[in-house]
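Colleague: Got a minute to walk me through this one? I'd like to start with the ligand.

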Amino acid sequence: MSILTLSPAWRALEAHHEIMRQQSLCNLFAQDTQRFNKFSLQFNNILLDYSKHPINTQTVDLLLSLARQQDLSNAITRMFQGDKVNDTEDRAALHSALRQENSVTVDGFNVMPNIKKVLAKMDQFVTAVQQGKLRGYSGQPFTDVVNIGIGGSNLGPAMVTEALKSYRSHHSLATHFISDIDSTHLSEILQKLNPETTLFIIASKTFTTQETMINARAVQDWFLTHGGTTKDTKNHFIAVSSNPVEAEKFGIHSDNLFEFWDWVGGRYSLWSAIGLPIALAIGMSNFYLLLAGARAMDQHFTTTPLAENLPVMLGLIGIWQINFFGAQSHAILPYDPALRNLPAYLQQLEMESNGKRTDRNGNEVDYMTGAVIWGGQGISSQHSFYQLLHQGTQTISADFLMSCKSHHPANKNHKLLSLAHYFAQTEAMMRGDNGDQKNTQLTTKSSIKQVTESSLKATSPHKIIPGNRPTTSILFKQLDPKTLGALIALYEHKVFVQSVIWNINPFDQWGVELGKKLAGIILTELEESAPVTSHDASTNGLMNYFKLNQ
Ligand code: F6P
């Protein structure tokens, strides 16, 4: 048994779970009319309602005791002050510094002047592009920007650009994202573009990621074979990286290099120059608002008592579900269509951060860590996978996200209907239905017929919806840059809170390295004509099948 699972706070939660697992959510609401007030929090324009979880005040007290036992407040301070909390890589994790105003030191060095310098360079660049002062090689203003990057160098910018598309102006560049090694997608995008008016951003923290490098070279070739010359690449190719040496080797001019630092994790990097496509799409003033929203959430996270702290409570509710109710899966269900890319973004943020099996002391854990994160747009998903949420056999918790106000007054009816479904679904998941249909009628394609007693008996069990499904609702006024910044920071900090409880490092990702290493070896073998014999029978068989059928 680990120190954590033997600890008094954990044991107390286990004992308490024995009682709470017998409670139904409906009963908990019936017993306490103040439940919503007790178990919801507000910060700025964001309302977090976690009352539809099997908790009572004692649960919250016990979860808070666990947080105190794991020294959460101290861990938060250490991360924000630039301590090397990413110990396996001997680095700080200072994404918060990218949106701060006060000085922060790493190894005795104040990182703020460099952050400000890069922000100013971004500002100058974005303004010059948007105002047409910086132009393509033929003198035409830029119309499009293509971001070439993967993982954190793609998911954050792609999610935010889509979420804030209502904030585009006539100066905005159309944004395109190339991440996978999909030559069809690449050529579909390039076909639509004019090399004379297109900017390319090669976004890679390491500047060695194979997928990004192969796409970057393909795009460079396209540029050079469609009218651009090597000299012209200076106007069109930008790099964002913490590896300036590799970026320059690639041919990026030092003026076009936007730097960030090893203490910014890839999945936490959208606040850095990795956010350049965001700024080109919505303008620098809106990018500053995005940072301000995140800064406000940082302030809230670092100064608010644990019990009233949104990221802390969101994290602890997750712990309750994962470690005590056994929820191995957590769905992200945005009802605002602009947040359609949020599940994919949070998938990397949460799963790459907390998908760990070794604690900070090097011991294998004996408790569950990060859940499987998945999801989809709420309304469409209701017509695909919600059936399993309502009647399936798994324990799945879910976050429902929605904004109150639409950006387009003409969409009032769309908005109201989406909100009706948003509220209905969490209520349905909680209440369920006992399948009693004595007075109900079934609808057939052509007519409505009264059902017989016997057919009612046969279908009734199938109509039972057990309910008691745990959901968290996150409702905010409007999806504006500030609110989005705060929302993303809310999830970043939630992930950190959970990592502290589990005593794992959320800032490394050693697990993804093995596949990269093997792919390098396999690539060489695929290029040779001889049959492959060096792997297991399955891998050999698959590779040889490919060789015969390519
Ligand atoms: O393979 C995982 C990963 O290292 C992520 O952590 C990262 O966001 C992504 O690859 C891309 O890395 P880079 O920005 O260095 O190209």
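Colleague: Which residues come nearest to the ligand?
Modeller: Of the 14 residues around the ligand (a heavy atom within 4 Å of it), Ser 153, Ser 204, Thr 206, Thr 209 and Glu 352 come nearest. This is a predicted model, where local features need pLDDT of at least 70, side-chain atom pairs count only at pLDDT 80 or more, and totals for chains, interfaces and linings use all residues. Residues are numbered from 1 along each chain as its sequence is written, and side-chain values use heavy atoms, with hydrogens and water left out.

Colleague: How far is Thr 209 from a ligand oxygen?
Modeller: An N or O atom in the Thr 209 side chain is 2.5 Å from an oxygen atom of the ligand. For Thr 206, a polar side-chain atom sits 2.6 Å from a ligand oxygen, and for Glu 352 that distance is 2.8 Å.

Colleague: And what share of the ligand does the protein bury?
Modeller: The protein buries 88% of the 390 Å² that the ligand exposes when taken alone (Shrake-Rupley method, 1.4 Å probe).

Colleague: What's the make-up of the shell around it?
Modeller: The shell has 2 nonpolar, 9 polar and 3 charged residues; Gly counts as polar here.

Note on methods: A polar contact is a pair of N or O atoms within 3.5 Å; within protein, one must be able to donate a hydrogen and the other to accept it, and residues adjacent in sequence count only if both atoms are side-chain atoms.
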